[in-house]
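I opened this notebook to record what I looked up, in the order I looked it up. The entries start with one term and then move from single residues to the whole chain.

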Amino acid sequence: MVGSWSNPLIIKHFDNLTNIKDVHCPVLIIHGTHDTMIKYDHAVELKKAHDATGYTTMLVPLIGKGHNNFFWPDTIGFVFDKFLSKIP
């Protein structure tokens with residue numbers, strides 16, 4: 001409920017799409033596909049924007065998960081190992 005009206009406010013306040021172009025290091029993005037606060041499409045756009053920097057970018061979709069409803073220990077080890085293996 002909160003996500004539907006707050007999404008534009010959050011994205012405007014945290015202009016990550018503009019700022020990510022200045023991030024010159026590998027980036028790992030973990031995002032729930034059912035996030036109603038910050039839409040999954042925003043994560044996809046962030047990945048595309050960071051790909052243009054030439055640095056490693058990895059987007060991990062948490063299928064069926066929202067903004068905060070996933071359990072880190074089930075995800076974190078595998079995700080970080082996979083991400084770190086992609087960094088030259």
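**Entry 1: a term, and isoleucine 20.** I call a residue buried when its relative accessible area is under 20%, exposed when that area is over 50%, and partly exposed in between. The model I am reading is predicted. I began with isoleucine 20, which sits in the loop between helix H2 (16–19) and S1. Is isoleucine 20 buried or exposed? Its relative accessible area is 9%, so isoleucine 20 is buried. I then listed what isoleucine 20 is in contact with, leaving aside neighbours within four places in sequence: Val27, Leu46, Ala49, His50 and Thr53. I also looked up a distance between C-alpha atoms: isoleucine 20 and aspartate 51 are 9.7 Å apart in space and 31 residues apart in sequence.

**Entry 2: the chain as a whole.** I stepped back to get an outline. The protein chain has four helices and two strands. Along the sequence they follow the pattern α-α-β-α-β-α. The chain has 88 residues, and 31% of them count as buried. I looked up the accessible surface of the chain, which comes to about 5,900 Å². Carbon and sulfur atoms account for 62% of that surface. I also checked contacts between residues at least 6 apart in sequence, and 76% of these join residues at least 24 apart.

**Entry 3: the strands and the helix that goes with them.** How do strands S1 and S2 run? Strand S1 (residues 27–32) and S2 run parallel, joined by six bridges. Together with H3 they make a right-handed β-α-β unit. I noted the coverage of S2 as well: five of its six residues are buried.

**Entry 4: helix H3.** Helix H3 covers residues 40–51, which is 12 residues. From its first C-alpha to its last, H3 reaches 17 Å, close to the 16 Å expected at 1.5 Å a residue. Which residues of H3 are buried? They are Tyr40, His42, Ala43, Leu46, Ala49 and His50.

**Entry 5: histidine 50.** I picked histidine 50 out of helix H3. Its relative accessible area is 0%, so histidine 50 is buried. Not counting residues up to four places away in sequence, histidine 50 touches Ile20, Val23, Cys25, Pro26, Val27, Tyr55, Thr56 and Thr57. Ile20, the residue of my first entry, is in that list. The side chain of histidine 50 also makes a polar contact of 2.5 Å with the side chain of threonine 57.

**Entry 6: threonine 57.** That contact led me to threonine 57, which belongs to strand S2 (residues 57–62). Threonine 57 has a relative accessibility of 11% and therefore counts as buried. Which residues does threonine 57 touch, not counting residues up to four places away in sequence? They are Val27, Ile29, Lys47, His50 and Asp51. Besides the polar contact with histidine 50, the side chain of threonine 57 has a polar contact of 3.2 Å with that of aspartate 51. On the strand side, threonine 57 is the bridge partner of valine 27.

**Entry 7: proline 61.** I stayed in strand S2 and went on to proline 61. Here the relative accessible area is 35%, so proline 61 is partly exposed. Proline 61 is the bridge partner of histidine 31. Not counting residues up to four places away in sequence, proline 61 touches His31, Thr33 and Tyr40. I also noted that proline 61 and valine 44 are 17 residues apart in sequence and 9.4 Å apart in space, C-alpha to C-alpha.

**Entry 8: leucine 62.** Leucine 62 also lies in strand S2. Is leucine 62 buried or exposed? At 10% relative accessibility, it counts as buried. Leucine 62 and tyrosine 40 are 9.6 Å apart in space, C-alpha to C-alpha, with their positions 22 residues apart in sequence given as the separation.

**Entry 9: what I keep from this.** I keep the link between H3 and S2, where the side chains of histidine 50 and threonine 57 make their polar contact. I also keep the β-α-β unit of S1, H3 and S2, which is right-handed.

Notes. Residues are numbered from 1 along each chain as its sequence is written. This is a predicted model: local features need pLDDT of at least 70, side-chain atom pairs count only at pLDDT 80 or more; totals for chains, interfaces and linings use all residues. Side-chain values use heavy atoms; hydrogens and water are left out. The expected span of a helix is 1.5 Å times one less than its number of residues. Buried means under 20% relative accessible area, exposed over 50%, partly exposed in between (1.4 Å probe, protein chains only). Contact means heavy atoms within 4.5 Å. Accessible areas come from the Shrake-Rupley method with a 1.4 Å probe; for residues, only the protein chains shown count as cover. A polar contact is a pair of N or O atoms within 3.5 Å; within protein, one must be able to donate a hydrogen and the other to accept it, and residues adjacent in sequence count only if both atoms are side-chain atoms. Two strands pair if DSSP finds at least two bridges between them. A crossover is right-handed if, with the strands pointing away from the viewer, the path from the first strand over the helix to the second runs clockwise.
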